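Here are a few short exercises to work through with the model open in your viewer. Try each task before you read its solution.

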Amino acid sequence: MRIKKLEELSQKYNNSCIIISGDPNVYYFSNYKGAGSIIYCDGVATLLAPLLEENRAREISGLDVKIYYPSNIANGILVGSLSDILPKLITKNTVALDINWSTVNVYRLLSSKYNLIDISKDISEMRSIKDDEELEKIKKSGEITSEAMKVSMEKILEGEITEKQLSGIIDYTMKASGAEDYAFPSIVAAGKNSSFPHHIPTDKKILENDNVVVDIGAKFDGYCFDSTRTFNVKGEVRKIYEIILEAQLEAIDAVTSGVNASEIDKTARKVIEKYGYGRYFVHSTGHGVGIEVHESPYISFNSNDVLKKNMVITVEPGIYIKDKFGVRIEDTLIVTNGKPEVLETSYKLL
């Protein structure tokens with residue numbers, strides 16, 4: 001648990017009460033996965049959980065647990081909704097809240113009764129720098145993703161498979177290899193479908209001459225991974241692939257602690273623009289990875305984030321030509337004070 005960080009945050013804001021909401025944030029501070037919120041006041045962290053989560057909340061969190069329910073059905077249960085209960089537990093005039101994860105009702109209540117401080121940036125930055133335990137979980141999710149990527153490549157080579165079937169095999173492989181879930185719905189995009197960056201797998205059969213974009217990631221013990229490979233690279237696709245690979249490798253070489261995240265994006269974009277394909281690169285170069293598959297820092301041309309040691313990010317340039325094909329290559333990597341540690345999942349054609 002990272003309750004010590006809540007104590008430090010409370011002190012930063014004049015010993016205010018802190019309210020943590022949102023499943024990813026609650027898990028980060030308590031290891032509890034489920035509906036609920038954490039309230040930190042006067043040095044005590046309390047997990048507020050609905051009645052249906054009582055057993056899990058008490059078993060997993062290790063915090064003081066208070067259970068709530070709309071009606072009074074048993075002693076010791078707080079009656080009402082979360083917004084009804086919070087004022088009964090807040091002991092300060094100032095409340096620090098991650099507004100990004102607050103419901104409208106809770107925000108309205110708190111802003112009408114207390115001096116409200118938005119700590120969304122504090123929480124985002126805190127979560128963006130991983131400790132050793134988090135890094136090990138991400139590496140494990142990477143190993144699982146690697147196994148699934150290997151299987152996908154083998155199935156493509158075997159032929160006689162559809163996008164949906166391959167995505168199902170990928171998901172099965174990740175869970176069979178130890179994943180609790182996938183980090184996001186697996187993307188398998190063949191031929192013209194690969195021109196859609198977030199294509200949803202269909203019943204399209206993968207043909208012998210189709211290039212195939214496979215974008216997948218496992219989730220292990222609450223932590224995500226993200227990897228993309230483009231397979232079956234031939235003809236014109238090969239030319240675009242080589243441009244993307246050059247852009248990705250140059251961007252990766254630029255990753256180090258202290259560099260502006262926007263510079264990574266600009267490095268990749270500059271290569272693609274050099275070859276005249278700038279308008280076909282339609283998304284940012286990467287993003288942070290952790291409890292969420294997309295989190296701080298953001299690797300885009302207008303990002304204000306600065307890379308720091310032990311941030312985990314992706315580098316994933318792509319080119320997408322409508323009605324023809326798309327190419328994307330993505331790695332997840334750990335930022336260091338020198339060259340980044342690249343957590344690759346499959347070979348990249350050279």
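**Exercise 1. Find out what share of the contacts in the chain between residues at least 6 apart in sequence join residues at least 24 apart.**

Keep in mind that this is a predicted model. Start with contacts between residues at least 6 apart in sequence; 60% of these join residues at least 24 apart. Next, look at the elements being brought together: the chain has 10 helices and 20 strands.

**Exercise 2. Check the radius of gyration of the chain against that of a compact globule.**

First, take the expected value: for 350 residues, a compact globule would come out near 20 Å. Then take the value for the chain, 23 Å, which agrees. For the outline, box in the C-alpha atoms along the principal axes, and you get roughly 70 × 40 × 35 Å. Last, look at burial: with buried meaning under 20% relative accessible area, 55% of the 350 residues qualify.

**Exercise 3. Work out which residues of the largest nonpolar core touch the most other members.**

This core has 38 residues, and the ones to pick are L6, I18, I20, F29, I38, L47 and I119. Helix α2, residues 23-30, gives the most to this core, with four residues. Now zoom in on L47: skipping neighbours within four places in sequence, its contacts include V26, Y32, I38, A57 and L63. The polar or charged names on L47's contact list include S37, S61, D64 and K66. Finally, look elsewhere for a second, separate core: that one has 32 residues, among them I240, A261, I299 and V335.

**Exercise 4. Find how far apart the mean positions of the positive and negative charges are.**

Count 42 positive and 50 negative charges, then average each set: the two mean positions are 3 Å apart.

Notes. Residues are numbered from 1 along each chain as its sequence is written. This is a predicted model: local features need pLDDT of at least 70, side-chain atom pairs count only at pLDDT 80 or more; totals for chains, interfaces and linings use all residues. Side-chain values use heavy atoms; hydrogens and water are left out. A nonpolar core is a set of buried Ala, Val, Leu, Ile, Met, Phe, Trp, Tyr and Cys residues joined through side-chain atoms within 4.5 Å. Buried means under 20% relative accessible area, exposed over 50%, partly exposed in between (1.4 Å probe, protein chains only). Helices (H or I, at least four residues) and strands (E, at least two) are DSSP runs, numbered from the N terminus. Contact means heavy atoms within 4.5 Å. The radius of gyration is taken over C-alpha atoms; the globule rule is 2.2 Å times the number of residues to the power 0.38. Lys and Arg count as positive and Asp and Glu as negative; His and the chain ends are not counted. The place of a charge is taken as NZ of Lys, CZ of Arg, CG of Asp or CD of Glu.
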